[in-house]
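User: Please take one part of this chain and look at it closely, then work outwards to what surrounds it. I would like the terms explained as you go.

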Amino acid sequence: MDALRVAVVGSGPAGSYAADALLKSEEPRVEVDLLDRLPTPWGLVRLGVAPDHENIKAVSRAFEKTAARPGFRFFGNVEVGSTVGHEELLRVYDAIVYTVGAQTDRRLGIPGEDLPGSWAATEFVAWYNGHPDFQHCKFDLSHERAVVVGNGNVAIDCARMLALTAEELAPTDTTDEAIAAICGAGVKEIVMLGRRGPVQAAFTPPELKELGELAGADVIVEPRDLALDAASRRALDLDRERARRNYELLEEFAARPPAGKPRRIALRFLVSPVAILGGDRVEAVEVVRNELVEEGDRIVARPTGELEVIPAGLVLRSVGYKGVPLPGVPFDERSGTIPNERGRAAGAERTYVAGWIKRGPSGVIGTNKKDATETVELLLEDARGGRLVRAHDGPSLEDLLDAKGARYVDYAGWQAIDAAERAAGEPLGRPRVKLTAWEKLLETGAHKRLPTDRRTPFAS
Ligand code: NAP
C-alpha cells in the first residue's frame, strides 16, 4: 500500500499527538503535513501555557521528536479557510484531521462587557505570551484593583501573572512589554470571582497551591465563602481528588494571616458579575451573591438578589474558550465543536477531528494524547477497510501554495526562528526572547528551500 497522505490542521498538542500517532503507523505508512495558521508550531504550548510554567512548555521537546520522524513536514502561515480551502485539501490529501482548538472566548452576556478595560482572558494570555495577533493590545495596569471572572486554570494563570515580581518574571519568555507593564503596574489587588462554591471550582490543586507560594502576593480567602451547603458537603465527601484537595488548600489560605506582601489575590466564591460599570472605561464590577441549588445531578448557582459593587479598572473575563467554524466543514454552534463520532467528523468525507474542536475546551495537555490516538486509530481503520477514497489527482500542497503566491514557513524555517529566539534569550538567562511581529517571523522563517527540505522520503 502506498503511504497515506494526511493533513493535520493545527499544530497544538492535539495536532502534534495526532501527527505522532499517524507517523508511528506501519500499515499503512503515513506521511503527515502539519499545517498552522501561525508561522510557529505547538499552539497553546507556545502561546497559551503561562511563561512561568517552563516545565509544562517542555512538552514541545516530545513534539520536536515527532517532527524528526520520516514523513513529517510543517507548513506554517497556512490558514485553512483563507490560504487554502477544505475542498482543496481534500484533493491533495487522503484524509484531513482538524485539531484547530477553540479559538475564541465565551461571552458573559452582561452590560458593559465591551467597555475599554474589559478584556477576554484569552487576549491577555496571548499578549503576554507574544502571540503576533495580540501585540497591539494596550493593557492599562495602572489601576489598583483587577477583577478576573471565572474559576478555572486560565483565571488562575491570569491572576498569578498579574502578581508575579520582576525576579519571578525575569527568567521566563514573557514578552518584554508584558514584563515592563506587570512590574510597573499599580495593581495591588486581584479579585477572582467564582460563580459557584469552592467545591465546584474548575481549577486544579497544583495551580491553586502555587498561588499560595508567590513571592509578591498574599492570597486571601474569606472563611464565610468556605461554608458548605448540604449538596456541596456530599459532593466533597464523595471526592477524593480535585475538590477535596482544593478545599483543603482554601481552608489553609483562609487560616493564614496576610504576610504584608505588596499584592493580594482575593479568591471570592458564590458571586456572579451582573454588569461591568463605567463611563468611557471600566470603573467597577457589579456582582450578585449566589446560592447553590441542585438541578438534576448538577449543583448550579442561583442569584439571591444581594448586590455588591467592586471598584476595578481592569476586568479579565475567563469563562472558557469556544470553537469557531471552518468554512466548508460542519459545525455545531451550541457546543462549538465539529460534530463527530469518536473523532470521525459527521457529514464530511475523509475528515477527522481531535482535541478541543472534537470534545470542547477541557482537560490538560496530556488529555489530547488519548483523544488524538482514538481519532487516529479510527482513521487508520478506515484506511485499512478501504473507506478512504484516496485523492491522487490533486496538486501537491507546495504547488498549490506557490500558485497562490502564499508565503509559508517550513520546519527548517521554524528551526531558524527557534534558534534566533533562543540565541536572544541565552545571554539574559531566559529560555528565549520571542519574535512577536508577523513580518519578523516570516522573514526569519523564510529561507532558500533546498531539495532536502522536501518531504523526508521513507527508506524503501
Ligand atoms: P474552565 O476550566 O472550563 O473554567 C471556566 C470557568 O468559568 C468555570 O469556573 C466556570 O464556572 C466559569 N464560568 C463559566 N461561565 C461563567 C459565567 N457566565 N459567569 C461566571 N463564571 C462562569 O476553562 P479555562 O479556565 O478556560 O480552562 C480551559 C481548559 O484548559 C481547562 O481544562 C483547564 O484545566 C485547562 N488549563 C490547564 C492549565 C494547567 O494545567 N496549568 C492552565 C490553563 C488551562 P462553572 O463551573 O460554574 O461553569
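Analyst: Helix α7 is mostly covered, with nine of its eleven residues buried; helices here are DSSP runs of H or I of at least four residues, strands are runs of E of at least two, and both are numbered from the N terminus. Buried means under 20% relative accessible area, exposed means over 50%, and partly exposed lies in between, with a 1.4 Å probe and protein chains only. The model is predicted, so local features need pLDDT of at least 70 and side-chain atom pairs count only at pLDDT 80 or more, while totals for chains, interfaces and linings use all residues. Residues are numbered from 1 along each chain as its sequence is written, and side-chain values use heavy atoms, with hydrogens and water left out.

The buried residues of α7 are Ala155, Ile156, Asp157, Cys158, Ala159, Arg160, Met161, Leu162 and Ala163. What lies against them is, in part, a sheet: α7 lies across β7, β8, β9, β10 (263-268) and β14, and runs at about 175 degrees to β8. Contact means heavy atoms within 4.5 Å, and such angles, from 0 to 180 degrees, are taken between the N-to-C directions of lines fitted to C-alpha atoms, for helices over the stretch in contact.

That sheet is open and has six strands in the order β6-β14-β7-β8-β10-β9, with parallel pairing; two strands count as paired if DSSP finds at least two bridges between them. Because β6 (118-120) and β9 (217-221) stand at the edges with a single partner strand each, one side of each is left without a neighbour in the sheet. On average, neighbouring strands are turned by 20 degrees against each other, direction ignored. Under the helix, strands β7 (residues 145-149) and β8 (residues 189-193) run parallel and are joined by five bridges, and Val147 has Val191 in β8 as its bridge partner. Another helix, α6 (residues 121-128), also packs on the sheet, where it touches β6 and β14 (314-317) and makes about 75 degrees with the direction of β6.

The helix also matters for the count of the nonpolar core, a set of buried Ala, Val, Leu, Ile, Met, Phe, Trp, Tyr and Cys residues joined through side-chain atoms within 4.5 Å. The largest such core has 49 residues, and those with the most contacts inside it are Phe124, Phe139, Leu208, Ile265, Leu267 and Leu316. Helix α7 (residues 153-163) supplies the largest share of this core, seven residues. A second, separate core holds 39 residues, including Val32, Ala354, Val409 and Leu441. Back in the largest core, Phe139 touches Trp119, Glu123, Phe124, Trp127, Leu314 and Leu316, when residues up to four places away in sequence are not counted.

Just beyond the helix, Thr165 lies in the loop between α7 and α8 (166-169). With 19% relative accessibility, Thr165 still counts as buried, and its contacts, leaving aside residues up to four places away in sequence, are Ala215 and Gly216.

The helix also carries Cys158, one of its buried residues, which bears on the question of disulfides. A disulfide is taken as a pair of cysteine sulfur atoms within 2.5 Å, and by this rule the count comes to zero. The closest cysteine sulfur to that of Cys137 is in Cys158, 13 Å away and therefore too far for a bond; Cys137 itself counts as buried, at 6% relative accessibility. For Cys183 the closest cysteine sulfur is likewise in Cys158, at 17 Å, which is too far for a bond, and Cys183 counts as partly exposed because its relative accessibility is 34%.

In the wider chain, the domain assignment, which is automatic or from a database, gives domain 1 (4-103 + 322-445) and domain 2 (107-319). The C-alpha centres of the two domains lie 32 Å apart, and their contact takes 20 residues from domain 1 and 22 residues from domain 2. Arg107, in the loop between β5 (104-105) and β6, is partly exposed, with a relative accessible area of 45%. Not counting residues up to four places away in sequence, Arg107 touches Glu113, Asp114 and Arg317.
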